[in-house]
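Student: I have a chain in front of me and some labels to justify. Can we go through the reasons behind them?

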Amino acid sequence: MNREDFPMLQEGFVFFDNGATTLKPKCVVDAMKRYYEEHTSNIHRGDYDAAVKTNALYDGVRKIVSQFVNCDPNCVIYTSGATHSLNMVVFGYMRKHLKKGDEVLLNKAEHASNILPWIKLQEEIGIVLKYVPLDENYECSFESIEKCVTDKTKVISLAQVTNVIGDVRDVTRIGKFCREHHILFNVDGAQSVPHMKVDFENSDMDFLSFSGHKMCGPTGVGVLIGRRELLEEMEPLCYGGGMNAFFEEDNSYELKEIPVRFEAGTPPIAEVIGLGEAITYLMNIGMERIHEQEVSLKKYLLEKLKEFDDITVYNQNPNSGIVSLNLEGVFAQDFSIFLNHFHIAVRAGNHCAKLLKDEMDVKNTVRISMYFYNTFEDIDQFIDALRHRSEIFQIIL
Amino acid sequence: MDENLRREIILDNYQDPMNRGLIEDSSYVRERMNSESCIDDLDFMMKIEDGKIQDIRFDGEACAISTSATSIMIRKLMGLTVEEARKILENYQNMIYEKEYDSELLGELNVYDTIHKQPNRMNCALLPSVAVKKMLEKLK
């Protein structure tokens with residue numbers, strides 16, 4: 001659906017790498033172009049017309065985000081992306097509030113940006129990282145999480161949807177459990193927010209991170225949402241202009257209120273405006289429709305793949321648009337180069353989930369990650385390409 | 001070079017590479033090559049005795065180009081003096097980067113003389129040469 005909005009979607013080109021980044025609709029690029037061509041100006045301190053317009057658009061995006069994921073607009077912090085957001089949670093909040101021996105529950109399907117900051121914090125202050133075992137389908141269930149909780153568990157940090165397996169974690173149930181047990185609930189929404197309706201308040205999340213570029217928005221911008229009382233206690237990682245109320249020679253200073261306290265320096269203004277446009281665009285389509293389209297595409301793809309007994313699919317079950325697979329006897333990267341010859345863009349590798357190999361017994365896969373603008377014809381083109389797989393080395397060498 | 005011959009040499013070395021599999025031996029120098037640009041991940045080990053390369057072995061997961069280049073490189077370098085090996089490595093890297101080089105020195109390594117046409121594969125072809133260079137540095 002909506003293919004006409006995407007200039008890159010030319011006849012014959014199949015973009016199946018949406019887990020890495022998504023294509024940009026023309027309206028998003030146009031909104032950023034307008035900023036650059038019609039009202040370039042910095043935020044917060046300009047009294048001229050262009051600056052007033054920029055300010056209104058920039059601050060207005062907080063409201064758009066709050067409507068999109070149901071949260072307080074004053075608790076929407078602009079970041080450079082989900083990685084930055086997650087690092088702010090770990091080093092801005094957790095470093096100050098956790099102590100030696102406190103347990104943080106993770107799992108091995110997580111992306112590097114929800115593991116490596118924690119490993120670093122463990123090195124710094126001696127917290128204990130525990131990995132919730134995945135089930136036989138490499139999924140992370142509520143029951144499995146519950147079993148790992150002890151009286152030392154202070155944080156559960158996980159992706160709502162993982163980027164290789166694509167399993168959808170029951171964040172509402174996990175959030176409720178966390179609230180009841182006074183455990184902080186940190187959610188990586190990079191692969192969920194672009195694809196389904198996410199509700200920050202009703203899922204009892206304490207922190208939610210996501211990126212703009214994985215949801216039709218520009219690169220270089222993302223969001224961190226936090227519960228107000230937690231954000232009040234979070235330390236900025238960056239100090240400078242725009243975030244201070246005053247500072248004096250005697251070393252006294254005062255910071256501004258949240259959320260601008262966390263946005264030192266000139267932010268990515270055009271990108272924030274582009275993000276707002278992207279979210280509005282997605283809301284107009286409807287997140288339920290987007291999710292339904294992806295699930296039906298996956299179902300169709302799995303059905304078509306049944307005829308190939310040399311294709312292994314690692315994630316049959318999850319209700320999302322991600323399919324991770326391998327072609328028997330072919331290295332994932334060679335397979336993706338082969339698909340490129342048929343104008344099909346996929347991603348080969350471990351997809352930054354470098355601990356997942358411990359559970360899956362396979363290090364690299366080819367990942368097909370779909371979005372609402374993918375079609376059944378895209379899948380047919382992929383299946384047609386597969387029929388040439390016996391010629392793979394003639395094609396790629 | 002004839003395209004069929006080129007493909008055959010690459011494929012033979014990919015499907016049945018020389019000296020795949022590491023051994024326990026402390027007299028070898030080791031190097032892990034985790035490509036920055038792709039997902040090749042190979043471990044190398046090399047033994048030098050009396051100024052000559054006695055053995056190079058490797059293991060791990062990598063694409064057809066990296067694996068075959070490693071195999072062909074091992075065949076080429078075994079038994080050579082360190083100086084002879086350096087000369088080949090330099091000429092090989094020059095070939096990949098489209099600089100001047102002596103093709104007569106390179107033997108079957110010439111199969112990668114057009115790899116620059118696929119820029120995203122140049123690092124795959126370079127991988128074994130970088131590994132051997134790093135191991136030679138360690139032995140200095």
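Tutor: Here are the labels, taken one at a time. Note that this is a predicted model.

Student: What makes chain A as compact as a globular protein of that length?

Tutor: Chain A holds 13 helices and 15 strands. Its radius of gyration is 22 Å, and the globule rule gives 21 Å for 397 residues. The two values are close, so chain A counts as compact as a globular protein of that length. Its C-alpha trace spans about 75 × 55 × 35 Å along the principal axes.

Student: Why is Tyr138(A) called buried?

Tutor: The relative accessible area of Tyr138(A) is 17%. Buried means under 20%, so the label applies. Across chain A, 57% of the 397 residues are buried.

Student: Why is Asn2(A) called partly exposed?

Tutor: Asn2(A) has a relative accessible area of 22%. The partly exposed class lies between the 20% and 50% cut-offs, so Asn2(A) belongs there.

Student: What is the phi of Tyr138(A), and where is this residue found?

Tutor: Phi is about 65°, a positive value, although Tyr138(A) is not a glycine. Tyr138(A) is in the loop between strand 4 (128–132) and helix 5 (142–148). Asn2(A) also has a positive phi, near 60°. That residue sits in the segment before strand 1 (14–15).

Student: Which residues does the cis peptide bond join, and where does Pro259(A) lie?

Tutor: The bond joins Ile258(A) and Pro259(A), with omega about 5°. Pro259(A) lies in the loop between strand 10 (253–255) and helix 8 (269–285).

How values were computed: Residues numbered from 1 in each chain as written. Chains lettered and ligands numbered in written order. Predicted model: local features only at pLDDT ≥ 70, side-chain atom pairs only at ≥ 80, totals over all residues. Heavy atoms only, no water. Helix = DSSP H or I, 4+ residues; strand = E, 2+ residues; numbered from the N terminus. Rg over C-alpha atoms; globule rule 2.2 N^0.38 Å. Buried < 20%, exposed > 50% of the residue type's maximum accessible area, 1.4 Å probe, protein only.
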